Amino acid sequence: MSETSQALEQLTRQEYQAGFVTDVESEQIPRGLSEDVIRLISRKKDEPEFMLEWRLKAYRHWLTMREPTWASVKYSKIDYQDIIYYSAPKKRQALNSLDEVDPEILKTYAKLGIPLEEQKRLQNVAVDAVFDSVSVATTFKEKLGAMGVIFCSFSEAVRNHPELVKKHLGSVVPYTDNYFAALNAAVFSDGSFCFVPKGVRCPMELSTYFRINAAETGQFERTLIVAEEGSYVSYLEGCTAPMRDKNQLHAAVVELVALDRAQIKYSTVQNWYPGDREGRGGIYNFVTKRGLCAGYRSKISWTQVETGSAITWKYPSCILKGDESVGEFYSVAVTNHRQQADTGTKMIHLGKNTRSTIISKGISAGRGQNTYRGLVKVQKGAQGARNYTQCDSLLIGSQCGAHTVPYIEVRNNTAQVEHEASTSKIGEDQLFYCRSRGIPEEDAVSMIVNGFCRKVFKELPMEFAVEAQKLLMVSLEGSVG
Amino acid sequence: MTATAAMLEIKDLHAKVGEKEILKGINLTVRPGEIHAIMGPNGSGKSTLSQVLAGRETFEVTSGQVLYQGQDLMALSPEDRATAGIFLAFQYPVEIPGVGNMHFLRTALNAVRRKHGEEEVDAMDFLSLIKEKMKLVEMDQAFMNRSLNEGFSGGEKKRNEILQMAVLDPKLAILDETDSGLDIDALRIVAAGVNGLRRKDRAMLVITHYQRLLEYIVPDFVHVIAGGRIVKSGDRSLALELEQKGYAWVDAQVAGAPAPGARP
């Protein structure tokens, strides 16, 4: 090993920092999946009948489906009967205030840098904290409520706003959509719900912080965001999990609905436990995210920084139905050690003069495998549709891989679709250049990688951009060897 | 005893890349304030020498010694050499997409300052510093907000190197074929920038293929390198002679006599 790579290795040999376990008494149901288990989950959540029926329909449909195999990821078969589908920290009754949340859980979030206590809350960010299968706290509810913004856990929404849930649930990602979306629909336990009424510009960032704590459980959350005419909301989700030897399944669904002139900005900083250097353990992050630009001039932007998970399989997409609607996808995906990612987006142009932009930055290190897979589809009626796609890969070391699989289907001859792609290596040249100016090697790597990701980072809400940069460096731990 | 202590002493330096020996016993002494031009044909080892001095790990030093201000230079990492005052102006400056030119330069300056226990320069102070230095190479401020060397023309890249040199304020500057790829106007600007940075306590090694650059940057000494050794040293007139007679003339001379500095 050269001196260069030794130094690189040392600098990046930082451990996964969110890998601790919280000792909290939890209530779990027996492992395995059946109609009874689904009934039990629904009962535990006090759900109205329509929810249970929807879950059962989803489950029955799931039984007829097969696990998809087209992604370029490899993992051993998941035994769906060996997963615990519901785990919740024990609590006395319904939580009325943060004081009633188990102090251990509050400590957990504080340790992760998300203090939930009122006085220490992040300025201007409302947080919904989801711990294993349930939401444990949502901050700033009253302030948001005064403006008519509903921001609460999914369970609460089902109880308190059943008409809204009934109307939009499954409207963008039906339970028949794909294998993991069907599974999620059957067993999802919680998640966040957000409704922004007509003409309201949500005054703060909304954010959900997902934490898996229990062992051998799956996490299945669902997020639904509805932005009415002329409204605006920026939402961010973060995720972490303890270090465990066994893989854990996380199959989430996110649905976004934007009506006329509404804008939804959805950002993800995904830092699920990635497994160890040899690829033992880690989260399987199999997620379906889709936004419907239903209205005229509506806009949905996805920004994701994917650093964690053993395997990431997700394609946050936009259906551009409204005329002149806009879809955007900005992504940084990092795979180090034996991590695998197959991620990208789908931009479906239905309306006239719809526009989409895709900026994807894949970073592969160690033995990581990183695939960009993206579909740009322009339907017959999408007169004047435009797409611009740029997808760049950065390789660190010589044992990793980067793959680009773009699909382009155009059925309207007035459409303009551009695709640019590049693959580069962090060169010895670049490093030496920086070092010859006095910049230490670790700073040089960080500078080069951040430069590569700049276009994406600048789309993140300010509060999180710095965090994402730090996270990126931690995940490139031991990246050259 | 000489009046001034040497800044750089290269003694019988041998270096190879892979199995190929490129430097075969370089001897050179440089004192503060001096400008040494190093000339030679392609593949003679000029650029290798500059990269070895800056600490490039591609090259393995097999024997010999390099003292910089009395210290063993080869024991230092590239970044430590830089903070100790060595600057290499690259023949092919590297592009780093997404990294702002100004950000890069400030990071570099602050790395040097940190090393010397000095306070870091904040963005505002840096801006006034850089504005001043940019005049030296007639650079427009628009350059500062662009990505480092990305999409720069050959001349812009070379000017940017000299700008970096002006900001980092080195003791020993090595200019590796700074004239290559420059038209006559750009050459004049770059050379004027370099001349503006001449100082009594600063030494320069100017590596070039052509005499042309030396009309603008007038050296105190000229060395001709061939086959990995310095085969001829002299004053400025050597460069002119070389241009008239060509490198074949040097080869012919070398063939007859042992190279100066060769081991007995």
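Start with chain A and its contacts (two residues touch if their C-beta atoms, placed from the backbone, lie within 7 Å). Among contacts in chain A with a separation of 6 or more, 83% join residues 24 or more positions apart. This is a predicted model: local features need pLDDT of at least 70, side-chain atom pairs count only at pLDDT 80 or more, and totals for chains, interfaces and linings use all residues. Residues are numbered from 1 along each chain as its sequence is written, while chains are lettered from A and ligands numbered from 1 in the order in which they are written.

Colour chain A by secondary structure. You will find eleven helices and 23 strands. Helices (H or I, at least four residues) and strands (E, at least two) are DSSP runs, numbered from the N terminus. Of the 481 residues of chain A, 55% are buried. Buried means 20 or more other C-beta atoms within 10 Å of the residue's own; exposed means 12 or fewer; partly exposed is in between.

**Stop 1: two loops in chain A**

Select Asp46(A). It sits in the loop between helix H2 (35-44) and helix H3 (49-63) of chain A. Its phi is positive, near 55°, and it is not a glycine. Most residues other than glycine have a negative phi. Is Asp46(A) buried or exposed? Asp46(A) counts as exposed, because it has 11 C-beta neighbours inside 10 Å.

Now select Asn353(A). Look in the loop between strand S18 (340-349) and strand S19 (355-364) of chain A. Phi is positive here too, about 50°, in a residue that is not a glycine. Asn353(A) has 17 C-beta neighbours inside 10 Å, so it counts as partly exposed.

**Stop 2: where chain A meets chain B**

Show both chains. The contact uses 19 residues from chain A and 21 residues from chain B. On the chain A side, helix H1 (3-12), helix H9 (428-435) and helix H10 (441-457) each supply at least two residues. H10(A) gives the largest share, six residues. By class, this side has seven nonpolar, six polar and six charged residues. Ala, Val, Leu, Ile, Met, Phe, Trp, Tyr, Cys and Pro count as nonpolar, Asp, Glu, Lys and Arg as charged, and the others, Gly among them, as polar.

**Stop 3: a helix pair in chain B**

Select residues 154-168 (H5) and 184-196 (H6) of chain B. Their axes are 10 Å apart, at an angle of about 5°. Axes are lines fitted to C-alpha atoms, for helices over the stretch in contact; angles run from 0 to 180 degrees between N-to-C directions. H5(B) is therefore roughly parallel to H6(B) (angles under 35 degrees).

Zoom in. Gly155(B), Lys158(B), Arg159(B) and Ile162(B) in H5(B) meet residues of H6(B) including Ala186(B) and Ile189(B). This contact has five nonpolar, two polar and two charged residues.

Methods: Parallel < 35°, antiparallel > 145°, perpendicular 65-115°, else oblique.
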